[in-house]
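Colleague: I am new to this structure and would like a close look at a single part of it, the open sheet with mixed pairing, followed strand by strand and then set among its surroundings. How many strands does that sheet have, and in which order do they come?

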Amino acid sequence: MTIFPHKKTSHLETAATPQLPPIAAGSAVAHYLHFRRDPFGFWLALGRTAAVTRLQLPLGWAFWVVSDEAWVDRILAQQSYTYLRSRYLTDTKRRGTPPNLTQTRDWKQWLWKRRLMQPPFHKERLAAFGETIVQETNTLIADWGERGHLADVGDEFRTLTIRLITKLLYAGSEGDAHIFRQTLDAYMDFGFRRATSLIHWPLWLPLPAHRRVARLRQQAEEAAWRLVLARMEGEETAEPHDLLDMLLAIFDPEAKEGEEAFTLEQIIHHLGDLTVAGYETTALGLTWLFYFVSTHPEVEARLRDEVETVLQGRPPTAADVSRLPYLNMVILETLRLRPPVFVMLREADKADDFGGYHVPAGTQIFLNVAALHRDPRYWATPEAFNPDHFTAEAKAQRPHGAFTPFSIGPRKCLGDGLALLEMNLIVPLILQRYQLSYSGTQPLRVKPGVRLQAEPLPMRIERK
Ligand code: HEM
């Protein structure tokens, strides 16, 4: 018996000759204005109208939008070599930077970069990060009890996750973390304004916004160069300890794209790439999680009970993660309802026929993760925060592409293990010491942005 009562007939089952999907109802201007005002709401609304649709925006911008598990599986997993990262995201020539891992479009080049970056993210290596995560969290939360009220817990999580990435991957200081955060926050704001603007002024034009991000970028690059050069002058160790050691082990000043080596410039840009990919995403996951937990007393009670029973008051370690199944369900449910990366963009490198539709080469396709995560065919209560969506039974009944907070297929998130480890350790540490109560008067709103940002999250904090 299925637990999904709303199963509807998929358009995939009714396809005749390949055709183009329907154009989304509404004018180009109305879509554009909705998208600018409330991107998350925009994608959710679009996903409700059709599984596959075409979106026309002003100035001739045209995209497909897929909000269907089978399409997502095809694009990200089955035919990932046909559907590449869109050239809108990978055009680094214009920015004058070497292409890092996330911005690499070509499969061969991507593969060698991914192989070089993978080792610190292996499961055994991640376990060694546990102690640092616990220490840094304890330092951050030490004075929460005295403060009694935090105007924005999300801001605290940003401070924590940037410190963690900086420290775990390249042993940067708190000062470095602060500089990187300033730059990344400014870049994210700038990126959203640029993505939602119809006119893209060339970045070399000396507009105030361009000058500001260029200045911050320079400051961050200088900090990264300092870190790299200091490490090169330090003693050599037999065993590489972090990502920076590993990257320096393959350093070659003459390295060319595609060789088994990186120049210093490439090393700097890869450190930046991982920091961008891993800092805000994890902070947002934690922010939404504490909002949901503090507004769902029955979930909080069950979670506290599990943490107390399993840990008996001691700090968690990486080995405890598998012993806290309900915590894991709460984390996944948060990433379902509020996926930090709520939309992805791909481009068809070759033509493809699938599900009754013909995809011409060059088609730009948004994968609508926001809507996918609320498809009533796969979620018993799609709009509600309900960790039981992740019981073993429910998971076994869902197809592969229905839940993709970290993407799926070969280009899935490199840092998913690290992000989950951080969340699995940080949440119990906070619950063991404090009671967090949401002190806002309205439901927490989504703030327009490239990622699924939250408005400030105010919390009353009491010691346990
Ligand atoms: C909750 C936290 C996180 C979420 C929700 C998340 C989500 C994602 C998603 C959806 C993608 C695919 C994007 C696309 O293809 O368009 C991705 C890629 C990536 N993520 Fe994460 N991520 C998280 C944390 C991290 C962390 C902690 C790191 C590393 C420190 C990281 C590193 C990367 C990298 C390097 C890629 C690109 C992989 C490639 O192109 O091969 N992420 N992430």
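Modeller: What follows goes through that sheet first and then turns to the parts around it and elsewhere in the chain.

Please keep in mind that this is a predicted model. The sheet you ask about is an open one of five strands, in the order E1-E2-E8-E5-E3, and its pairing is mixed. Strand E1, residues 52-56, and strand E3, residues 83-85, stand at the edges, and because each has a single partner strand, one side of each is left without a neighbour in the sheet. Neighbouring strands here are turned against each other by 35° on average, direction ignored. As general background, the strands of a sheet pair through backbone hydrogen bonds, in either a parallel or an antiparallel way.

Beginning at the E1 edge, you will find that E1 runs antiparallel to strand E2, residues 62-66, and that five bridges join the two. Along this pairing Gln56 stands opposite Ala62, and Leu55 stands opposite Phe63. E1 and E2 form a hairpin with five residues between the strands, and in this hairpin Leu59 takes a positive phi near 60°.

The next step across the sheet goes from E2 to E8, and here the two strands pair in the parallel sense over three bridges. Trp64 can serve as a marker for this step, since it stands opposite Ile365 in E8. From strand E8, residues 364-367, the sheet continues to strand E5, residues 344-348, with antiparallel pairing over four bridges; in this pairing Gln364 of E8 stands opposite Glu347. The last step joins E5 to E3, again in the antiparallel sense, over three bridges. Glu347 appears here once more, as the bridge partner of Leu84 in E5, so that it can be followed from its place opposite Gln364 in E8 to its pairing with Leu84. 

The sheet also leads into the interior of the model, and Val66 is a good place to see this. The largest nonpolar core has 98 residues, and of these Val66 and Leu289 touch the most other members. The largest share of this core, 14 residues, comes from helix H14. In soluble globular proteins, nonpolar side chains tend to be buried together. Leaving aside neighbours within four places in sequence, Val66 is in contact with Val52, Trp71, Val72, Ile75, Ile365, Leu367 and Asn368.

A little further along the chain, Glu69 lies in helix H3, residues 69-78. Glu69 counts as buried because it has 22 C-beta neighbours inside 10 Å, where 20 or more are needed. Apart from residues within four places in sequence, its contacts are Leu372, Asp375, Tyr378, Pro399, Gly401 and Ala402. Val450, by comparison, is 381 residues away from Glu69 along the chain, and the C-alpha atoms of these two are separated by 23 Å.

Helix H14, residues 264-294, brings us from the core to the ligand, for H14 and helix H19, residues 416-433, each supply at least two residues of the shell around the ligand. H14 gives the most to this shell, with six residues. In total 22 residues surround the ligand, and the closest are Ala277, Gly278, Thr281, Cys413 and Gly415. By class, the shell has 13 nonpolar, seven polar and two charged residues.

H14 also lies across strands E9 and E12, running at about 85° to E9. These two strands belong to another open sheet, one of three strands in the order E4-E12-E9, with antiparallel pairing. Its edge strands are E4, residues 149-150, and E9, residues 434-438, each of which pairs on one side only. E4 and strand E12, residues 459-463, are joined by two bridges, and the bridge partner of Leu150 in E12 is Met459.

One last residue, Thr196, offers a contrast in burial. Thr196 lies in the loop between helix H11, residues 174-195, and helix H12, residues 208-233. Thr196 is partly exposed, with 16 other C-beta atoms within 10 Å, whereas Glu69 is buried. Not counting residues up to four places away in sequence, Thr196 touches Phe35 and Arg36. His400 is 204 residues from Thr196 in sequence and 31 Å from it in space, C-alpha to C-alpha.

Methods. Residues numbered from 1 in each chain as written. Predicted model: local features only at pLDDT ≥ 70, side-chain atom pairs only at ≥ 80, totals over all residues. Near = placed C-beta within 6 Å. Nonpolar A, V, L, I, M, F, W, Y, C, P; charged D, E, K, R; others polar. Pairing = 2+ DSSP bridges. Axes fitted to C-alpha atoms, helices over the stretch in contact; angles between N-to-C directions. Core = buried A, V, L, I, M, F, W, Y, C linked by C-beta atoms within 7 Å. Buried ≥ 20, exposed ≤ 12 C-beta atoms within 10 Å, placed from the backbone. Contact = placed C-beta atoms within 7 Å.
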